[in-house]
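Here are my notes from a first pass through the file. Have it open in your viewer while you read.

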Amino acid sequence: MAASTATLTPSFLSDRINAMQESQTIAMAKKARELMAKGIDVINLSFGEPDFETPQYIREAAKVAMDQGFTKYTPVPGYLDLRQAIADKLLRENQLAYKPENIVVSTGAKQALANAVMSLINAGDEVIVFAPYWVSYEEMVRLAEGTTVTLMGALENDYKVTAAELEAAITPRTKLIMYSSPCNPTGSVFSREELAAIAAVVARNPQIHVLADEIYEYINFVGEHVSLAQFAEIKDQVITVNGFSKGYAMTGWRVGYLAARPEIAAACEKMQSQITSGTCSVAQRAALAALQGGRTSADEMVAAYRRRRDLVLAQVQQIPGFKTPTPSGAFYIFPDVSAYFGRRTPAGETIGNAGDLALYLLNEAHVAAVDGAAFGAPNCIRFSTAAADEKLREAFVRIKASLEKLG
Ligand SMILES: Cc1ncc(COP(=O)(O)O)c(C=O)c1O
């Protein structure tokens, strides 16, 4: 599914960029656009983006900020009042005590993750990444010249890596562990007991840090969100990443943050000072308003995500050969579709892998999804459930009908 490498790796470009994987979703997105341009009604379930608008009170705050003159360069780690509000949120909702000096606001959680990886990883350092993982982790580690050690959770355990599996993967070169909970792409959520066991392993390895990506914190259907940094003995080893994109439907505003021990926060600030400077002034004022507004708008969106999760799950369970855990959070469903490998399309092509099946579903059902290989899980396909109920219903009716045509 990768685009032609000839056009992507000319020798005048750096080895660094030539070694970087092009997004595996490019061919799919291009094909979906081509079909749409022909007037075909494609249901796009490939996006990792809320379908809701940013709540009105947040947009109003941004308009006021512009008129108040928040138009200049911002402090590199973010406005002090925003960092204080983030510290207050971490204390109130996560029982984590941090000062503004521990917090760096970035251009999305993505930059917070990249800052931390670039600040911690030397060439050859090993980074244990829990799989299925979010697409960018691996490329960030590669950019920092680290080595990714992928640790795949078992489907029977909702794809969650266990503490014992983690302990077995640690070597003297292990420098960092990365995971998301709630997880993109699986929707799995680590329980307090599971994280306590992981924390015990981390405590036995004080040279290791952990990047805990909590961007889907609010989109949680099981109730309790546990931050790994809550385990006091490892708090200094944990870098907590969060942001506004998912919980507040603010993907385009580009505001995320991390909370970490002061040395790491200072390193991330230094990294950011040379790459982007502080993130957008107006977006930061909007983020401050978002936090001041509390969780009400997020809770309303989560109710819709939960309803859609249930709706999609009921349909997916009617599809023979789709095996999926019940997502406990986020807005994806990530079935194992390997039962279809080796089957033949009406056109006589063999479905060799999840990418082929995703392409077949695009062409036949006109539903766009993402090949699980992009997330380190080549037996799976990721469908976003952040779409209107009727679109979701229609998508899985079409998918089922298309799969029934396979020989
Ligand atoms: C697990 C995970 N982490 C981080 C991000 C990045 O979020 P942001 O939009 O804040 O950069 C995403 C976005 O898709 C994500 O799914």
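Is Cys-280 buried, partly exposed or exposed?

1. Cysteines. Keep in mind that this is a predicted model. Cys-280 comes out as partly exposed, because its relative accessible area is 40%. Cys-268 is buried, since its relative accessible area is 0%. As for disulfides, the structure has zero.

2. The annotated domain. UniProt, in an unreviewed entry, puts "domain: Aminotransferase class I/classII large" on residues 41–397. Helix makes up 38% of that span and strand 14%. The C-alpha atoms at its two ends sit 14 Å apart.

3. Who lines the ligand. The shell has 13 residues, and the closest are Ala-109, Asn-184, Asp-213, Ser-245 and Lys-246. By character, the shell splits into five nonpolar, four polar and four charged residues. Helix H6, running over residues 108–120, contributes the most, with four residues.

4. Polar contacts to ligand oxygens. Have a look at three side chains here. Lys-246 places a polar side-chain atom 2.6 Å from an oxygen atom of the ligand. For Tyr-216, a polar side-chain atom is 2.9 Å from a ligand oxygen. Trp-134 also has a polar side-chain atom by a ligand oxygen, at 3.5 Å. Taken on its own, the ligand has 400 Å² of accessible area, and the protein covers 93% of that.

5. Where I'd look in the viewer. For the ligand site, bring up helix H6, which gives the most residues to the shell, along with Lys-246, one of the closest residues to the ligand.

Terms used: Residues are numbered from 1 along each chain as its sequence is written. This is a predicted model: local features need pLDDT of at least 70, side-chain atom pairs count only at pLDDT 80 or more; totals for chains, interfaces and linings use all residues. Side-chain values use heavy atoms; hydrogens and water are left out. UniProt positions are given in the numbering used here, feature names are shortened, and annotations may be inferred rather than shown by experiment. A residue is near a molecule or strand if one of its heavy atoms lies within 4 Å of it. A polar contact is a pair of N or O atoms within 3.5 Å; within protein, one must be able to donate a hydrogen and the other to accept it, and residues adjacent in sequence count only if both atoms are side-chain atoms. Accessible areas come from the Shrake-Rupley method with a 1.4 Å probe; for residues, only the protein chains shown count as cover. Ala, Val, Leu, Ile, Met, Phe, Trp, Tyr, Cys and Pro count as nonpolar, Asp, Glu, Lys and Arg as charged, and the others, Gly among them, as polar. A disulfide is a pair of cysteine sulfur atoms within 2.5 Å. Buried means under 20% relative accessible area, exposed over 50%, partly exposed in between (1.4 Å probe, protein chains only).
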